[in-house]
Structures are given as structure tokens and as C-alpha cells.
Amino acid sequence: MKYKIIFTYDGSLYYGYAKQVGVKTVQEEVERVISLILHKETTIYASGRTDRGVHALNQVADFTSEEIKDLQKFKHNFNKYVNKDIYLKSIEQVDDEFSSRISAKKKTYRYIINIGEYDPLKRNYEIYLNKLDVLLMEKASKLFVGTHNFQNFTSKEEDQDNFVRTVYEFRFKIENGRLIIEVDGNGFMRYQVRKTIGTLIEVGKHTINEDLINEYLSSNTRNIINYTAPSNALYLVEVYY
């Protein structure tokens, strides 16, 4: 039987989501606990990877098992044994055809910029920039909306699938001295969100012109943009199916 899990995590102490040799990752920790509970080596398949230091409010993954008898007991045991910077929010049985990655229709990411007074207690969860032209950033963000070739806004390798993705919407709001940027899309490649946000930050600092975005989006030659926002202020908010 196949199961879908939704979990949240603080990515501060992890070397990203995906398993890597010799470093601490979210996937490794989640699989360790599930395998411990089920007494069987178990692999999970997530909606996507998050970079080192990135957080998730609702990461989705699936796995197969014939050993689970009580879902609530499984959830209780998981949260008992897992590291305290990870929490399992829900588990449910799903059809065998379900895939956390392939079945996803839309994803939302959030980025938090402190534009007020610096807070050292939140240094792992936001970045501090107190001089930004937010209106200009919001205007420039509309250039990313739509279906584009994002080859110059991702570090994804050339020999993988195409670079075309659709961005549905950017949303900007200011709360308690924080600029909160949310972006919806049908999927995001490696560093795509961080590079688009990083570019918007440079626009907001008046170090580049928004015309540069059109130039990089329309270019037929791959020339990856240099701007990449820090990972610690990025959150995977929701995955929609």
C-alpha cells in the first residue's frame, strides 16, 4: 500500500533535503525513523528537493509499506523518535498511482526579508535588508509571471529535461517590518526561486535595471544569472494536487 505524508522541518542544521554521503539531510532522518518504526528499510519520494538551510511548512512525500496497521500510532511514534526540528503533520493511504512529485499541480514558496530592525534570533529564518524599493521589485516580478524558459535562472544541468516552467503569481506584503514574498508555479528547478528572488532584490537595491530580467529570459544562449538569494529565508509553503 502507498502512503502520503506531510511534514514540516527547520532546515537550519541540514545539508538540504536529499540524501548525500557523509552529511546530515532531511530525507535521511525521515527514512531512518520510518525504517525504525516499520523494522524495514524504507525509501520515501518527496515532491521535490530543498536546498541546504531551506525550511518547509508542508513537504509531501510518499512511500509503500504493508506493515502499517494504525495511522495515528504511526504518527505518534514518528514524532516521538524523529529529531525535534522535524514534525509529521499527517499520514494517509493513497492510490498506488499517486506520486508526490509527478502528481503535483502547483507549489508555493515564501521568502522573508527583514526590512526593519535586525533580530539575531531570526538570522536562520530571514535575511536583513533595510533599504529596498519594494514597489519596483513588485513591478519587476511581473516579468517572471507566465510560461518562460528559465535556463538562466537555474543551476539545473543541460542534459536534463527542458527549462520551461510556468510562474502563476508573485505576492508581496509587509508585516511587522518583514517583506514577505510568495510565488506560485507549476514547478521550480534547482535554485530557480532563489535566483528570481535574488534578481528582484538587486532590482530593489537599484543595482540592476528590470530590463535585465527580460534580457535573461529571452536569451537563446545559456548564461546563468549571478544573483542567488540566501537559502535561510526560503520556505516551501504548500504543494497542491
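In this predicted model, helix α5 spans residues 211-218 and buries L212, I213, Y216 and L217. Viewed down the axis of α5, these buried residues fall within an arc of 135 degrees, so they line one face of the helix. The face of α5 turned away from that buried side carries D211, E215 and S218, which are exposed. It is easy to follow where the buried face leads: its residues pack against α3 (134-141), β7 (146-149) and α4 (192-204).

Helix α4, one of the packing partners of α5, comes up again where enclosed space is concerned. The structure holds one cavity of 30 Å³ or more, and the volume of the largest cavity is about 40 Å³. Its lining is made up of F144, V167, F170, V183, F188, Q192, V193 and T196. Two elements, β8 (164-175) and α4, each supply at least two residues of this lining. The largest share, three residues, comes from α4. In chemical character, the lining of the largest cavity comprises six nonpolar residues and two polar ones, with no charged residue.

Open space is found in pockets. The largest pocket encloses about 1200 Å³ of space. A total of 39 residues line this pocket, and G48, R49, F188, M189 and R190 are the ones that lie nearest its centre. Readers tracing the chain will meet F188 in both places, since this residue is listed in the lining of the largest cavity and lies among those nearest the centre of the largest pocket. The elements β2 (45-46), β5 (106-114) and α4 each give at least two residues to the lining of the largest pocket. Here too α4 provides the largest share, with three residues. The lining of the largest pocket divides into 15 nonpolar, twelve polar and twelve charged residues, whereas the lining of the largest cavity has no charged residue.

The second largest pocket has a volume of about 160 Å³. It is lined by I37, L38, E67, I68, K69, D70, K73, F74 and N77. Two or more of these lining residues come from each of α1 (26-38) and α2 (71-81), and α2 gives the most, with three residues. Sorted by class, the lining of the second largest pocket has four nonpolar residues, four charged residues and one polar residue.

Two backbone positions also deserve a look. H39 has a phi near 60 degrees, a positive value in a residue other than glycine. This residue sits in the loop between α1 and β2, and α1 is one of the elements that line the second largest pocket. With a relative accessibility of 74%, H39 counts as exposed. Y191 likewise has a positive phi, of about 70 degrees, although it is not a glycine. Its place is in the loop between β9 (178-185) and α4. At a relative accessible area of 26%, Y191 is partly exposed. The loop that holds Y191 thus joins the account of α4, the helix that gives the largest share of the lining to the largest cavity and to the largest pocket.

Technical notes. Residues numbered from 1 in each chain as written. Predicted model: local features only at pLDDT ≥ 70, side-chain atom pairs only at ≥ 80, totals over all residues. Heavy atoms only, no water. Buried < 20%, exposed > 50% of the residue type's maximum accessible area, 1.4 Å probe, protein only. Helix = DSSP H or I, 4+ residues; strand = E, 2+ residues; numbered from the N terminus. Arc of directions from axis to C-beta. Contact = heavy atoms within 4.5 Å. 1 Å grid on protein atoms, 1.4 Å probe; cavity = no way out; pocket = protein on both sides within 12 Å on 5 of 7 lines; lining within 4 Å. Points joined across faces, edges and corners; volume = space filled by probe spheres on them. Nonpolar A, V, L, I, M, F, W, Y, C, P; charged D, E, K, R; others polar.
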